[in-house]
Amino acid sequence: MRTILITGPGGSGRTTVAAATALAAARDGIETLVLSGDRTDTLGAALGASVGPAPSRVAPHLTAWRPDAAAAFRDDLAAFQERATAAFDLLGASRLDPEEVTPLPGAKELTLLRALRDAALAEAHELLVVDLPAIPDALALLSLPEELRRYLRRLLPPERQAARALRPVLGRLAGVPLPAEWLYETAARWDTELAAVEAVVADRNTVVRLVAEPGPSGADAVRTATLALALRGLRPDVLVANRVLPDTAADDWLAGPVAQQRKTLEEWEGSYEIQSVAHLGRDPRGSDDLTALTVPGVNTRPSTVEWPVTDGLADDGGSRVLVWHIPLPGAQRDDLDLVRRGDELVVTAGQFRRILPLPSALRRCTVDGAALRDGELRIRCVPDPDLWPRTR
């Protein structure tokens, strides 16, 4: 199954483009599922059909789904309370009733990620189109599985489960109760679920598509999103320039906006694969309007980017040097920061940060320096004599 993740600045029309993309694929005979995490039914408004918490057929070969974050949160909390009954009884705490539970911040994002995972694993469709939130929230959403898995491994390391038989004894020696078995089991289940979401995002059949209205604010948002995606090893497969005004409008009071759009489009053409979608003169509603939008089809070009490690010699031709190449288009030298911590490298690019596990070869090296050239971060590492295998 192929997956298209669609995002853009708020108000850019990304939901409309997602609906039009899904409808166009369905009309080509591709069994398609379009998924949205919005609280309000913006996807249904674009499709001209109500979309609810259960997948529903809205057109031939097209299914739409808007999972209910509140219901999913209540179910998860009920399952957690059931497992933690003994702990609640020990503390004298009372359980929450389902009708008094309201979703906490982040519940919507976790529900969308779970729906994405379930749709991918079900393999009931050939194409999955995901209407992600606006760019800032979408970027946080894409990084959430990796970050949560890292937190789980730090707080509840899987290797500690090997001491199951010793846990009661260790608890008495320490004077405090150690985590119960069910807590480790829950953490392991969460780790498996998050790993499945990570696999969907990193899959070569998954692409990230940006939607933006050409103009100064749209250009700023695209530039920010490109850098953030690059830090995650992703790049947009297509940039959809939405609501493009016709050239004929340059003769009236729209001359200024038309010139502004043309300037932005010229800037984008050198860096992105552009698909322009004309302004219909109204908000698209229903299948007829969506069909009139010339949205891009399914692109076979993957969004994932390789980060190779090259092996060579220092400039003086003497010592061996390994260079890690990380493409970061749009990054500024003054906004970059690198910190080595054990087998991890903390990379900060502007307002974005990611903790990267070092490739196995670089874990036995010391960082010798870094440089940003032509939109690519090149990290120089030299083998540590105490760790690197010796050769005769």
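Trainee: Helix 9 has 16 residues; how far does it reach from its first C-alpha to its last?
Mentor: This is a predicted model, and the values are computed from it. At 1.5 Å a residue, 22 Å is expected for the 16 residues of helix 9. The helix comes close to that, with a reach of 23 Å.

Trainee: Which residues of helix 9 are buried?
Mentor: A residue counts as buried when its relative accessible area is under 20%. In helix 9, the residues that meet this cut-off are Gly218, Ala219, Ala221, Val222, Ala225, Thr226, Leu227, Ala228, Leu229, Ala230 and Leu231.

Trainee: How is helix 6 oriented against helix 9, roughly parallel or roughly antiparallel?
Mentor: Helix 6 covers residues 135–155, and its axis lies 10 Å from that of helix 9, at an angle of about 5 degrees. Angles under 35 degrees count as roughly parallel, and those over 145 as roughly antiparallel. Helix 6 and helix 9 are therefore roughly parallel.

Trainee: By class, how many nonpolar residues are in the contact of helix 6 with helix 9?
Mentor: Helix 6 contributes Ile135, Leu139 and Leu142, and helix 9 contributes Ala221, Ala225, Ala228 and Leu229. Ala, Leu and Ile are among the residues that count as nonpolar. With no polar and no charged residues in this contact, the nonpolar count is seven.

Trainee: Helix 9 also packs on helix 10; what is the angle between them?
Mentor: Two packed helices are described by the angle between their axes and the distance between the axes. Helix 9 spans residues 216–231 and helix 10 spans residues 255–269, with their axes 9 Å apart. Helix 9 is roughly parallel to helix 10, and the angle is about 20 degrees.

Trainee: Which residues of helix 10 make the contact with helix 9?
Mentor: On the side of helix 9, the contact uses Pro216, Gly218, Ala219 and Val222. By class, the contact has four nonpolar, three polar and no charged residues. Those that helix 10 supplies are Gln260, Thr264 and Trp268.

Trainee: Which residue just after helix 9 takes a positive phi?
Mentor: The phi angle there is about 75 degrees. The residue that takes this value is glycine 233.

Trainee: Where does arginine 243, which has a positive phi without being glycine, lie?
Mentor: Phi of arginine 243 is near 60 degrees. Its relative accessibility is 24%, so arginine 243 counts as partly exposed. The residue is found in strand 7, residues 236–244.

Trainee: Histidine 61 has a positive phi too; where in the chain does it lie?
Mentor: The phi of histidine 61 is about 70 degrees, although the residue is not a glycine. Histidine 61 counts as partly exposed because its relative accessibility is 34%. It lies in the loop between strand 3 (56–59) and strand 4 (62–65).

Trainee: Which strands stand at the edges of the open sheet of four strands?
Mentor: The order in this sheet is 9-10-15-14, with antiparallel pairing. A strand at the edge has a single partner, so one side of it is left without a neighbour in the sheet. The edge strands are strand 9 (309–313) and strand 14 (365–373).

Trainee: By how many degrees are neighbouring strands of this sheet turned against each other on average?
Mentor: The pairs in question follow the order 9-10-15-14. With direction ignored, the average is 25 degrees.

Trainee: How many bridges join strand 10 to strand 15?
Mentor: Strand 10 (residues 320–327) also pairs with strand 9, in the antiparallel sense, over five bridges; there, threonine 310 has valine 323 as its bridge partner. Strand 15 covers residues 376–383 and runs antiparallel to strand 10. In that pairing, proline 327 is partnered by glutamate 376, and the number of bridges is six.

Trainee: How many of the eight residues in strand 10 are buried?
Mentor: Strand 10 is described as mostly covered. Its count of buried residues is six.

Trainee: Is threonine 15 buried or exposed?
Mentor: Threonine 15 lies in helix 1, residues 14–27. It touches Asp38, Thr42, Leu43 and Asp131, leaving out residues up to four places away in sequence. Because its relative accessibility is 10%, threonine 15 counts as buried.

Definitions and conventions. Residues numbered from 1 in each chain as written. Predicted model: local features only at pLDDT ≥ 70, side-chain atom pairs only at ≥ 80, totals over all residues. Heavy atoms only, no water. Pairing = 2+ DSSP bridges. Helix = DSSP H or I, 4+ residues; strand = E, 2+ residues; numbered from the N terminus. Axes fitted to C-alpha atoms, helices over the stretch in contact; angles between N-to-C directions. Parallel < 35°, antiparallel > 145°, perpendicular 65-115°, else oblique. Contact = heavy atoms within 4.5 Å. Expected span 1.5 Å × (residues − 1). Buried < 20%, exposed > 50% of the residue type's maximum accessible area, 1.4 Å probe, protein only.
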